[in-house]
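Here is a short, friendly tour of one protein model. Please have the sequence and the 3D view open as you read.

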Amino acid sequence: EEVVALWEKMNRWTLEGLSQSYERMRVSFDHYYYESETYRYGRDEVLKGVEQGVFYREADNSVWVDLEAIGLDKKVLLRSDGTSLYMVASEQQYHFKVLFHALGLLGYPWAKDLHHLSYGMVNLPDGKMKSREGKVVDGDDLVEELTLLAKEEIIAKEREELVGDLEETSLSIALGALNYYLLQVSPTKDMIFNPAESISFNGNTGPYLQYMGARISSMLAKYEQEIPASFDTSVLTLEDERSLIRQLALFGEVVERAAEGYDPSQITAYLYELSRTFSRWYHDNPVLKASTPALVEARVVLASNVLQVLKNAFALVGIPFLAAM
């Protein structure tokens, strides 16, 4: 009873600490699955497989599965003392390939529809993370470091009053930097995470995209009329304007492709291209002071549509939207 009580206390510490971290990172889960609720069930499934003849016992009483059918060797499922074990090695692809095959052998028809969303390693600029050597990035420390860097940038530009809540805005920029930097790489590729690079307000970064959203919001706030639902499209004759319209029209297709390929990097790449095109166009062409009322109206509608798509895409990849930066 003493050991169980200690185990429960330590688990509670862990879960409470994780809960605090997740809350700060604005991450939530629909349901928690605890190993203590599933390991006995899993062991029973393995023993059922022995009875069915799809798994087998060795002389030491351990239980194994033959993986020749999927081009692998064999794998232990239960130790000789009857306890279960993890199948995860340094890479998780092997574990899930074995798991899905074993479920198929047990007769579950839905096993063929399972998909493992694998992802590459995240390394530091000075080498690979190694938990056994203590060479890791602590999630809370990383968010804190990025938040501090964002705060310093806001203060250096004397924009504290403009952003309102300095702490909350700095955290939003930090989370935008972190999520965008991680998701701009295809999931299966290894990557190097550079905190200082990720928080930059220029270039292919989350803060740059957030700044673009804030910039459009600021401009539209100065438009004193209601944004019209329709406008004269014939006045938008510039190539960048037509390019923006084409890019906006592609958004649904990009999202669908990203979903089908389990690849958020397609959305981040789209975000950056849309923002770059808008920035170039906005820099070269007046919106609120365009040459005719019809052109003002058309460009305002175009800018508001760009802003809406940015907001929609931000929500999909975990970039907090900021109306002011």
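How far apart are the end C-alpha atoms of helix α4 (residues 139–156), and what span should its 18 residues have? Keep in mind that this is a predicted model. At 1.5 Å a residue, α4 should span 26 Å, and its end C-alpha atoms are 26 Å apart, so the two values agree.

Several residues of α4 are buried: Leu-142, Val-143, Leu-146, Thr-147, Ala-150, Lys-151 and Ile-154. The elements covering them include α1, α5 (160–163), α6 (166–183) and α7 (195–198).

Now for the interior. The largest nonpolar core has 37 residues, and those touching the most other members are Ile-216, Leu-271, Leu-274, Phe-278, Val-306 and Leu-310. At least two residues of this core come from each of α8 (206–221), α9 (239–249), α10 (251–260), α11 (265–284) and α12 (293–317). The biggest share is from α12, with 13 residues. Apart from this core lies another, of 20 residues.

| Core | Residues in the core | Members include |
|---|---|---|
| Largest nonpolar core | 37 residues | Ile-216, Leu-271, Leu-274 |
| Another core | 20 residues | Ile-154, Val-163, Ala-177, Leu-178 |

Beyond its neighbours within four places in sequence, Ile-216 is in contact with Phe-278, Ala-303, Val-306, Leu-307 and Leu-310.

Finally, the surface. Leu-15, Leu-18, Val-27, Phe-29, Tyr-32 and Tyr-34 form a nonpolar patch there, together offering about 510 Å² of accessible area. One of them, Tyr-34, sits in the loop between α1 (2–24) and α2 (35–52). Tyr-34 counts as partly exposed because its relative accessible area is 34%, a value between the 20% and 50% cut-offs.

Methods:
Residues numbered from 1 in each chain as written. Predicted model: local features only at pLDDT ≥ 70, side-chain atom pairs only at ≥ 80, totals over all residues. Heavy atoms only, no water. Patch = residues over 30% accessible without salt bridge, like charges linked within 9 Å, V, L, I, M, F, W, Y side chains within 5 Å. Areas by Shrake-Rupley, 256 points an atom, 1.4 Å probe, with all protein chains shown as cover. Salt bridge = Lys/Arg side-chain N within 4 Å of Asp/Glu carboxyl O. Helix = DSSP H or I, 4+ residues; strand = E, 2+ residues; numbered from the N terminus. Buried < 20%, exposed > 50% of the residue type's maximum accessible area, 1.4 Å probe, protein only. Core = buried A, V, L, I, M, F, W, Y, C linked by side-chain atoms within 4.5 Å. Contact = heavy atoms within 4.5 Å. Expected span 1.5 Å × (residues − 1).
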